[in-house]
There are 2 protein chains.
Amino acid sequence: MARTVSERSDVLPLLAEAFREHGYEGASLALIGEATGLGRGSLYHFFPGGKEEMASAVLGEIEAWFETNIFEVLRTAEHPESALLQTLDATEEYFRSGRRICLVGAFALSDTRDRFSRALRHYFNEWRAAVAAALTKTGQTSPEAAANAEEIVLGIQGALVLARALDDPGIFSRAIGRIRSRLPKARTKRRRSGNG
Amino acid sequence: MARTVSERSDVLPLLAEAFREHGYEGASLALIGEATGLGRGSLYHFFPGGKEEMASAVLGEIEAWFETNIFEVLRTAEHPESALLQTLDATEEYFRSGRRICLVGAFALSDTRDRFSRALRHYFNEWRAAVAAALTKTGQTSPEAAANAEEIVLGIQGALVLARALDDPGIFSRAIGRIRSRLPKARTKRRRSGNG
DNA sequence: GTCTATAGATCGATAGAC
DNA sequence: GTCTATCGATCTATAGAC
């Protein structure tokens, strides 16, 4: 058998899955060891702060993914309407059409919330602000955009809860579909008031 | 010091709060003992099945509350529009305007989901069906009502997640407000097509 | 019916060999 | 850098006195 990983960044996705499946408390070091194929020694070599540092690193990795693939795209979009559609697709794919939960949301409802409250706050605030920024660029007023952004993010989280509880990924897909259908339509700039 | 409770039903609300605050895994028997003022002996007298039976009883109590105060009201309403408003008020009060989480939703996102999957499924299915039944009675078609009911329940859950993560109960209140404003308006039956 | 004491398992974390 | 052995703390559950 080969020497396996030896890169901290390679371990993070495996760690993330372990926390997603079992929660922070439920993911014991024995379980994490199985999931990563690493012994306690290696784990503590990569994460001297123990389990808390593991979870913190995972949250950072998730935040970074959303920053790159969602938030940044929304904030810098020249065509906000298509950016909203594109990031909605990415979101649907990320959550595997409702079969995967949002670890940040799960942490928010658990007693680990206080431990990671800064990360949770930052993640959802950035998400909400990025969607609002894109909506504003489509012509919505600032209060409109803020309300709609909040509703979109909250709808995604609620859909994940319900999809998980009822074991029905279709709930998530339908929710994404409703969000998509209510997005502002891009105005074709070449014609005035084009029909379509 | 008095003999304290000695009624199983008196312990349930205290148990519920303990599970809400610390989650299933996080609520240790030591913590539960403090929250209820009962020793292990008394706890195991009331709940021979241990912690699992405690959580199960709490879920049953929650389900019963919603059955009485929400589901039944919605299903049997003569005036579905006002029943929807009334149960929305009750929901807002139950979740203390967003300061209290939904234990069923929290369980859905944790690894205890499988253990209580039947209870979770039943709770959310009943909720969704009851809202849909009321919406149907207001004149919505069956598919319309089903989609809207799903969106309402999911919106409540998502609002609780976001409110908790951002430590901002206002998110929940705003979400309830949006739901309320989109509810079908009662038609005044005495006049035809009264202006409102 | 309620308590204390404690069994037996598992937890996160550390030490030290290689 | 990775492992195994093991620590002390904490967990759920049980036993038995009152």
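1. Let's start with a charged pair that reaches from one protein chain to the other. In this predicted model, Arg174(B) makes a salt bridge with Glu150(A), and their closest N and O atoms are 2.9 Å apart. Side chains of opposite charge can pair when their charged atoms come close. The pair has company, too: eight salt bridges are counted between chain B and chain A. On top of that, look for polar contacts, since six residue pairs of that kind link chain B and chain A (both residues at pLDDT 80 or more).

2. Which helices of chain B should you colour in to see its side of this contact? Try α1 (8–26), α6 (103–109), α7 (117–137), α8 (142–166) and α9 (170–182), each of which supplies at least two residues to the side of chain B that touches chain A. Of these, α8(B) gives the most, with 15 residues. If you then recolour the side of chain B that touches chain A by residue class, you get 17 nonpolar, seven polar and 13 charged residues.

3. Now for how much surface is involved. The contact draws 37 residues from chain B and 37 residues from chain A. Together the two chains bury about 3,400 Å², with 61% of that on carbon and sulfur atoms. In chain B, the residues that lose the most area to chain A are Leu109(B), Leu154(B) and Leu166(B), and together they make up 20% of what that side buries. I'd show those three leucines as sticks.

4. How are the two protein chains arranged relative to each other? Chain B can be superposed on chain A by a rotation of 180° with 0.0 Å of shift along the axis, and the RMSD is 0.0 Å. The two copies are therefore related as by a two-fold rotation axis. Want a landmark for that axis? Within chain B, the residue that comes closest is Gly158(B), whose C-alpha is 1.7 Å away. The same surface is used by both copies, as 100% of the contact residues of chain B recur in chain A.

5. Next, a salt bridge inside one chain. The side chains of Arg8(A) and Glu53(A) meet at 3.3 Å, N to O. Arg8(A) sits in helix α1 (residues 8–26) of chain A and Glu53(A) in helix α4 (residues 51–76) of chain A, so this pair ties together parts that are 45 residues apart in sequence. Over all chains, the salt bridge count comes to 32.

6. On to the DNA, beginning with strand C. There are 17 residues around DNA strand C, and the closest are Leu29(A), Arg40(A), Tyr44(A), Lys51(A) and Gly39(B). Among the atoms of DNA strand C that come within 4 Å of the protein, sugar and phosphate account for 62%. By class, the surface near this strand has five nonpolar, eight polar and four charged residues.

7. Which part of DNA strand C does the side chain of Arg40(A) approach? An N or O atom in that side chain is 2.4 Å from a base nitrogen of the strand. Chain B approaches the phosphates: a polar backbone atom of Gly39(B) is 2.7 Å from a phosphate oxygen of DNA strand C, and an N or O atom in the side chain of Ser42(B) is 3.0 Å from a phosphate oxygen of that strand. Helix α3 of chain A and α3 of chain B each supply at least two residues of the surface near DNA strand C, with the largest share, five residues, coming from α3(B).

8. Then swing round to DNA strand D. Here 15 residues surround the strand, and Gly39(A), Leu29(B), Arg40(B), Tyr44(B) and Lys51(B) are the closest. Of the atoms of DNA strand D within 4 Å of the protein, 56% belong to sugar or phosphate and the rest to bases. The residues of the surface near DNA strand D divide into five nonpolar, seven polar and three charged.

9. Finally, here are some phosphate contacts on DNA strand D to check on screen. An N or O atom in the side chain of Tyr44(B) is 2.6 Å from a phosphate oxygen, while Leu29(B) uses a backbone N or O atom, which lies 2.7 Å from a phosphate oxygen. From chain A, a polar side-chain atom of Ser42(A) lies 3.0 Å from a phosphate oxygen of DNA strand D. Near this strand, α3 (40–46) of chain A and α3 (40–46) of chain B each supply at least two residues, and α3(A) gives the largest share, five residues.

Key:
Residues are numbered from 1 along each chain as its sequence is written. Chains are lettered from A and ligands numbered from 1 in the order in which they are written. This is a predicted model: local features need pLDDT of at least 70, side-chain atom pairs count only at pLDDT 80 or more; totals for chains, interfaces and linings use all residues. Side-chain values use heavy atoms; hydrogens and water are left out. Contact means heavy atoms within 4.5 Å. Buried area is the accessible area (1.4 Å probe) that two parts lose on being put together, summed over both. A salt bridge is a side-chain nitrogen of Lys or Arg within 4 Å of a carboxyl oxygen of Asp or Glu. A polar contact is a pair of N or O atoms within 3.5 Å; within protein, one must be able to donate a hydrogen and the other to accept it, and residues adjacent in sequence count only if both atoms are side-chain atoms. Helices (H or I, at least four residues) and strands (E, at least two) are DSSP runs, numbered from the N terminus. Ala, Val, Leu, Ile, Met, Phe, Trp, Tyr, Cys and Pro count as nonpolar, Asp, Glu, Lys and Arg as charged, and the others, Gly among them, as polar. Copies are superposed by least squares on the C-alpha atoms of residues with pLDDT of at least 70 in both. A residue is near a molecule or strand if one of its heavy atoms lies within 4 Å of it.
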